[in-house]
Amino acid sequence: MAGKFDLVVVGSGPAGYVCAIRAAQHGLKTACIEKWTDNSGKSKLGGTCLNVGCIPSKTLLESSQRYSDAAKNFDDHGIKIDNVSMDIEKMLTRKDNIVSKLTQGVAGLFKANGVTLLQGKAKILAGKKIEITQQNSQTKTIEAENIVIATGSVPIDIPPAPVNHDTIVDSTGALEFKQVPKRLGVIGAGVIGLELGSVWGRLGSEVTVLEALPDFLPAADQQIAKEAAKIFKKQGLDIYLGARVTGSEVKGNEVIVTYLDTKNKETKKTFDKLIVAVGRKPYTENLLAPDCGINLDERCSIFVDDQCQTDVPGIYAVGDVVRGPMLAHKGSEEGIMVADLIAGKTAHMNYDLIPSVIYTHPEIAWVGKTEEELKASGEAYKTGTFAFAANGRALATNDSEGLVKVISSEKTDQVLGVHVIGPAAAELVQQGVIAMEFVASTEDLALTIFSHPTVSEAVHEAALAVDGKAIHAINRKRK
Ligand code: FAD
Ligand code: NAD
């Protein structure tokens, strides 16, 4: 390892590895430090996203949906399958193989782009020095012109339900159940609770979700959230809102959870497994020497400005460890922005257009403003909706629950928000992101030609509906 690096990235999750690759593409001498190793001591790249987050969860969501289709839904198509059964071990092995393929892919990309991989746990010292503690406990110190901290996040623990990695698990444990729990409890009706609750629910668990807040999906547009609550209830997800967990007791293979409802009435529920999914917190354990000059904000994230610069010039932080939504694509974009800035390019990121997706069935996805946010801000707006029940492709695929909602400015018609619950919502919302990035109006969307038959036509019709011009639905009279 000769000489000083132009850039050292700490952490190889989607924020860190993307940053390192882009920096190397700019010709910067770049290294990435990663502490995570497999059983053989080899570095595991890709962070939470590839190893225990986005990819393994989406893999199990896909497998469980196919199982559920085979067991329940194919009959609607006139396809009879008797005695559908599952092989959980094979399902988990498939997931693990996909994870390995992708993490090895990152290693290959590092090699191809000339990024130096350094194994160990990094600590930022004063003067842009980094101490690395390797697996054999030996330490070495390196220097860098620039440092990017991308150390990610870890699950939040709550005292009434401490994770024991057996009956009470976090999201990582919930990707590894060796058999389908009969009674599954989930604390938190957020993204992880809904996605992993869906996985095991589709495979046969009776799922109970306990959510402390009185509202369901408060960050989503409430028309969409209400539709989602209705659909999930029909699917058998038993969601209790305003349920504050006060304690848990592990008895043999069971866990008894106590919670208070909105009227402060105490209730107990018994589960075979309990997933705690109450959010994640920035990971900065033993990361910052007291005199390194980097500060945290009030939420214990690393404090950064709009361009992810910390309080120390030349040291940046990106991804889950800084403010903003904890999403892989948000971190990756920050990583790219920072690599470009370090290489002397102009760079910016549009924080207003970070899409959110919940990969349930149907999927829920949105970008931009919700109706509730616009009401609160006083900005005049108009809305158009279109139900998938009137979309030919959605009916053909037997996937016609949900709707698309487009919101635009009353004054200029500029699209301000696109909200979807329904088939391929994650892909459809991307059309909204592109439209909004190019400052499109609903008229622009209305004038765009959409292929027939596609579920995308619902986006077209929702845009047309904003001005009462939908063709395949009866338009609401505008007040
Ligand atoms: P991480 O991915 O957490 O990576 C940080 C890396 O830094 C880790 O490899 C860690 O070992 C390393 N590290 C930490 N400290 C040190 C140190 N001192 N020295 C060396 N290395 C260190 N997001 C989405 O956008 N879409 C999804 O579908 C999605 N699904 C998810 C499902 C689950 C179950 C979970 C848990 C998360 C999901 N997320 C999803 C969130 C997503 O995984 C995170 O937003 C993303 O991984 C954050 O990227 P990051 O690079 O900031 O941090
Ligand atoms: P979250 O913030 O989405 O949801 C946590 C939920 O738990 C909230 O509804 C909260 O009100 C509730 N809660 C908190 N404390 C509670 C308590 N004591 N009792 C009952 N409920 C309680 O967090 P998450 O689902 O754990 O996910 C963590 C992060 O990972 C999120 O920031 C998310 O963005 C990211 N993630 C993203 C995806 C995706 O993009 N599809 C998937 C999984 C995770």
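Here is a walk through a predicted model, going from its two ligands to a pair of helices and then to three single residues.

Let's start with ligand 1. It has 38 residues around it, and Glu-34, Thr-48, Lys-58, Asp-320 and Ala-328 come nearest. If you want polar contacts to look at, begin with Lys-58: an N or O atom in its side chain is 2.7 Å from an oxygen atom of the ligand. The backbone joins in as well. A backbone N or O atom of Met-326 lies 3.2 Å from an oxygen atom of ligand 1, and a polar backbone atom of Leu-327 is 3.3 Å from an oxygen atom of that ligand. As for cover, ligand 1 on its own has 1000 Å² of accessible area, and the protein covers 94% of it.

Where does the shell around ligand 1 come from? At least two residues each are supplied by helix H1 (14-25), strand E2 (30-34), helix H2 (47-52), helix H3 (54-73), strand E4 (121-125) and helix H7 (328-342). The largest share is that of H2, with four residues. Sorted by character, the shell has 17 nonpolar residues, 15 polar ones and six charged ones.

On to ligand 2, which has 20 residues around it; Ile-192, Glu-195, Glu-211, Gly-279 and Val-357 come nearest. Two of the nearest residues turn up again in the polar contacts. A polar backbone atom of Ile-192 is 2.8 Å from an oxygen atom of ligand 2, while a polar side-chain atom of Glu-211 lies 2.6 Å from an oxygen atom of the ligand. Ala-212 also takes part, with a backbone N or O atom 3.2 Å from a nitrogen atom of ligand 2. Taken alone, ligand 2 exposes 840 Å², and the protein buries 75% of that. Helix H5 (residues 191-202) gives the most to this shell, namely three residues. The shell around ligand 2 splits into 13 nonpolar, three polar and four charged residues.

Now for the helices, beginning with H6 (residues 222-235). How does its length check out? With 14 residues at 1.5 Å a residue, H6 should span 20 Å, and its end C-alpha atoms are 20 Å apart, so the two agree. At the start of H6, a side-chain oxygen of Asp-221 reaches to within 3.1 Å of the backbone nitrogen of Gln-223. At the other end, H6 is followed by Gly-236, whose phi is positive, near 100 degrees. In between, the buried residues are Gln-222, Ile-224, Ala-225, Glu-227, Ala-228, Ile-231 and Phe-232. What do they pack against? Their partners are H5, strand E11 (238-240), strand E19 (363-368), helix H8 (371-377), strand E21 (403-409) and strand E22 (415-422).

Helix H12 (residues 457-466) is covered along its run: ten of its ten residues are buried. Among them are Glu-457, His-460 and Glu-461, along with Val-459 and Leu-464. The buried residues of H12 pack against strand E20 (381-387), E21, helix H10 (425-437) and helix H11 (442-447). Just after H12, Gly-468 takes a positive phi of about 65 degrees.

Finally, zoom in on some single residues. Ser-68 is found in helix H3, one of the elements that supply the shell around ligand 1. Is Ser-68 buried or exposed? Its relative accessibility is 8%, so it counts as buried. Leaving aside neighbours within four places in sequence, Ser-68 is in contact with Asn-73 and Arg-202.

Thr-103 is found in helix H4 (residues 88-113). It counts as buried because its relative accessible area is 11%, under the 20% cut-off. The side chain of Thr-103 reaches the backbone oxygen of Ser-100 at 3.1 Å. Not counting residues up to four places away in sequence, Thr-103 touches Leu-45, Leu-50 and Asn-51.

Last comes Ile-239, in strand E11. With a relative accessible area of 23%, Ile-239 is partly exposed. Its C-alpha atom is separated by 9.5 Å from that of Gly-188, 51 residues apart along the chain. Setting aside neighbours within four places in sequence, Ile-239 is in contact with Ala-189, Leu-194, Val-209, Phe-216 and Phe-232. Phe-232 is one of the buried residues of H6, which brings us back to that helix.

Methods. Residues are numbered from 1 along each chain as its sequence is written. Chains are lettered from A and ligands numbered from 1 in the order in which they are written. This is a predicted model: local features need pLDDT of at least 70, side-chain atom pairs count only at pLDDT 80 or more; totals for chains, interfaces and linings use all residues. Side-chain values use heavy atoms; hydrogens and water are left out. A residue is near a molecule or strand if one of its heavy atoms lies within 4 Å of it. A polar contact is a pair of N or O atoms within 3.5 Å; within protein, one must be able to donate a hydrogen and the other to accept it, and residues adjacent in sequence count only if both atoms are side-chain atoms. Accessible areas come from the Shrake-Rupley method with a 1.4 Å probe; for residues, only the protein chains shown count as cover. Ala, Val, Leu, Ile, Met, Phe, Trp, Tyr, Cys and Pro count as nonpolar, Asp, Glu, Lys and Arg as charged, and the others, Gly among them, as polar. Buried means under 20% relative accessible area, exposed over 50%, partly exposed in between (1.4 Å probe, protein chains only). Contact means heavy atoms within 4.5 Å. The expected span of a helix is 1.5 Å times one less than its number of residues.
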